[in-house]
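Here is a friendly tour of the pockets, cavities, salt bridges and surface of one structure. Have your viewer ready and follow along.

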Amino acid sequence: MGQPEQHAEGAGPFTTRLTWQRAEGETVVWESRLARRRGVLSVRGPGDAAGRPSTAGPRALRRLRRLNAIASGAFVIGGALFAAGAAISQFGSGDPLLSASVYFAGGLFFNTGGYVSLLQVLNAPRHAPGGGALVTAGWRWWGYEPMRLDWLSTFVLFVGTLVFGVNLLDSFLRGLNVQQVNRLVWTPDMIGCVLFLVSGHLAFAEICHRSLPCLRSRSLGWWVVAVNQLGSLLFMVSALAAFTRPATGSLVNTGIANWGTLTGAVCFSLGGVLQLFERP
């Protein structure tokens with residue numbers, strides 16, 4: 001007989017934490033991020049002051065470790081290449097083809113990290129009704145689950161990396177006028193930045209179990225989200241400064257554009273390093 005659900009928490013229509021009370025008096029808590037990143041539930045017995053972890057099976061944990069290593073490594077390398085591209089633009093020879101090539105290589109790693117982040121959601125262990133053990137389904141390369149906040153956040157992130165890819169490809173074009181540069185290069189850059197910020201906000205909602213951001217300085221997952229969101233904000237600052245003025249044909253501020261990209265990329269690399277430790 002299934003155990004009654006005691007409490008559901010989340011942001012808007014999304015559920016990010018569920019609490020059950022088992023017949024024998026145990027309390028089971030499922031949290032979206034902890035389950036998909038570390039493969040654990042929290043189980044607290046009658047009279048216990050703290051809960052004990054209940055982990056998924058060995059196959060699920062190996063899967064989580066492997067996906068986490070690929071995703072975190074991709075963001076570390078992608079961020080490092082973006083930082084290198086910005087440094088070349090700011091301090092190097094000023095060759096736009098060289099910096100565009102380095103940016104494009106970094107973009108491929110961001111694409112990989114975004115897609116593998118989505119795979120982490122699709123292939124993570126799921127909670128069983130009534131607070132049962134975590135269940136691991138078969139492998140999936142794709143799935144459509146828009147009513148899951150973790151899926152929505154990682155899907156928006158992945159789409160953002162693809163839009164940045166359009167921006168990076170168009171940056172190789174030469175002989176463009178100001179209007180074409182702003183339409184083909186700057187506009188995808190702005191859209192990608194907005195999507196990154198939206199993804200980060202959704203990630204905060206998942207970890208905070210509410211629509212507004214929270215402060216959880218003792219949570220590694222919170223730091224991963226916060227550092228990446230700072231990187232997204234710096235990318236947005238860079239994009240705003242990279243708009244080409246129609247009257248002069250020059251950027252709003254080249255220095256801010258390069259430094260915003262460089263520091264934002266460093267944040268994503270740091271977020272990837274932190275994510276490496278957010279595993280089973």
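A residue counts as buried when its relative accessible area is under 20%, as exposed when that value is over 50%, and as partly exposed in between. Please keep in mind that this is a predicted model.

## A salt-bridge network around glutamate 145

Let us put those cut-offs to work. Glutamate 145 has a relative accessible area of 15%, and because the limit for buried is under 20%, glutamate 145 is classed as buried. Arginine 148 is buried too. Arginine 140, in contrast, has a relative accessibility of 29%, so it counts as partly exposed.

Glutamate 145 forms a salt bridge with each of these two arginines. With arginine 140, the N to O distance is 2.5 Å; with arginine 148, the N to O distance is 3.2 Å. The pairing reaches further through shared partners: Arg36, Arg126, Arg140, Glu145, Arg148, Asp150 and Glu206 are joined by salt bridges into one network.

## Salt bridges across the chain

Side chains of opposite charge can pair when their charged atoms come close. How many salt bridges does a search of the whole structure find? The search returns 10.

One pair to display is arginine 33 with glutamate 278, whose closest N and O atoms are 2.8 Å apart. This salt bridge links distant parts of the chain, since arginine 33 sits in helix H1 and glutamate 278 in the segment after H7, with their positions 245 residues apart. Both arginine 33 and glutamate 278 are buried.

## The largest pocket

Rolling a probe the size of a water molecule over the atoms shows where empty space is left. The largest pocket has a volume of about 910 Å³. Its lining is made of 31 residues, and Tyr103, Ser171, Val185, Ala242 and Leu251 are the closest to its centre. Two or more lining residues come from each of helix H2 (58-91), helix H3 (96-122), H4, helix H5 (178-208), helix H6 (220-241) and helix H7 (254-276).

Which element gives the largest share of this lining? That is H5, with five residues. Sorted by class, the lining of the largest pocket holds 16 nonpolar, 11 polar and four charged residues.

## The second largest pocket

For the second largest pocket, the volume is about 220 Å³. Among its 13 lining residues, Thr15, Trp30, Arg126, His127 and Arg148 are the closest to the centre. Arg126 and Arg148 are also members of the salt-bridge network described above.

Strand S2 (14-21), helix H1 (32-38), strand S6 (126-128) and H4 each give two or more residues to the lining of this second largest pocket. H1 gives the most, with three residues. The classes here are six nonpolar, three polar and four charged.

## Enclosed cavities

Turning from pockets to cavities, the count is two of 30 Å³ or more. The largest cavity encloses about 280 Å³ of space. It is lined by 19 residues, and the closest to its centre are Ser153, Leu157, Ser199, Ala203 and Asn228. H1, H4, H5, H6 and H7 are the elements that each give two or more residues to this lining, with H6 giving the most, five residues. The lining of the largest cavity divides into seven nonpolar, nine polar and three charged residues.

The second largest cavity holds about 40 Å³ of space. Its lining residues are Phe82, Gly107, Phe110, Thr161, Phe164, Phe196 and Phe235. H3 and H4 are the elements that give two or more residues to that lining. By class, the lining of the second largest cavity has five nonpolar residues, two polar and no charged.

## A nonpolar patch on the surface

Finally, look at the outside of the model. Trp139, Trp141, Trp142 and Tyr144 make a nonpolar surface patch of about 550 Å².

Where is tryptophan 142 placed? Its place is the loop between strand S7 (132-135) and helix H4 (149-170). Is tryptophan 142 buried or partly exposed? With a relative accessible area of 46%, tryptophan 142 is partly exposed, because values from 20% to 50% fall between the buried and exposed limits.

Note on methods:
Residues are numbered from 1 along each chain as its sequence is written. This is a predicted model: local features need pLDDT of at least 70, side-chain atom pairs count only at pLDDT 80 or more; totals for chains, interfaces and linings use all residues. Side-chain values use heavy atoms; hydrogens and water are left out. Patches are made of residues with over 30% relative accessible area and no salt bridge: like charges are joined within 9 Å, nonpolar side chains (Val, Leu, Ile, Met, Phe, Trp, Tyr) within 5 Å. Accessible areas come from the Shrake-Rupley method with a 1.4 Å probe; for residues, only the protein chains shown count as cover. A salt bridge is a side-chain nitrogen of Lys or Arg within 4 Å of a carboxyl oxygen of Asp or Glu. Helices (H or I, at least four residues) and strands (E, at least two) are DSSP runs, numbered from the N terminus. Buried means under 20% relative accessible area, exposed over 50%, partly exposed in between (1.4 Å probe, protein chains only). On a 1 Å grid over the protein atoms alone, a cavity is a set of points where a 1.4 Å probe fits but cannot get out, and a pocket is an open set with protein on both sides within 12 Å along at least five of seven lines; lining residues have an atom within 4 Å of a point. Grid points are joined across faces, edges and corners, and a volume is the space filled by probe spheres set on the points. Ala, Val, Leu, Ile, Met, Phe, Trp, Tyr, Cys and Pro count as nonpolar, Asp, Glu, Lys and Arg as charged, and the others, Gly among them, as polar.
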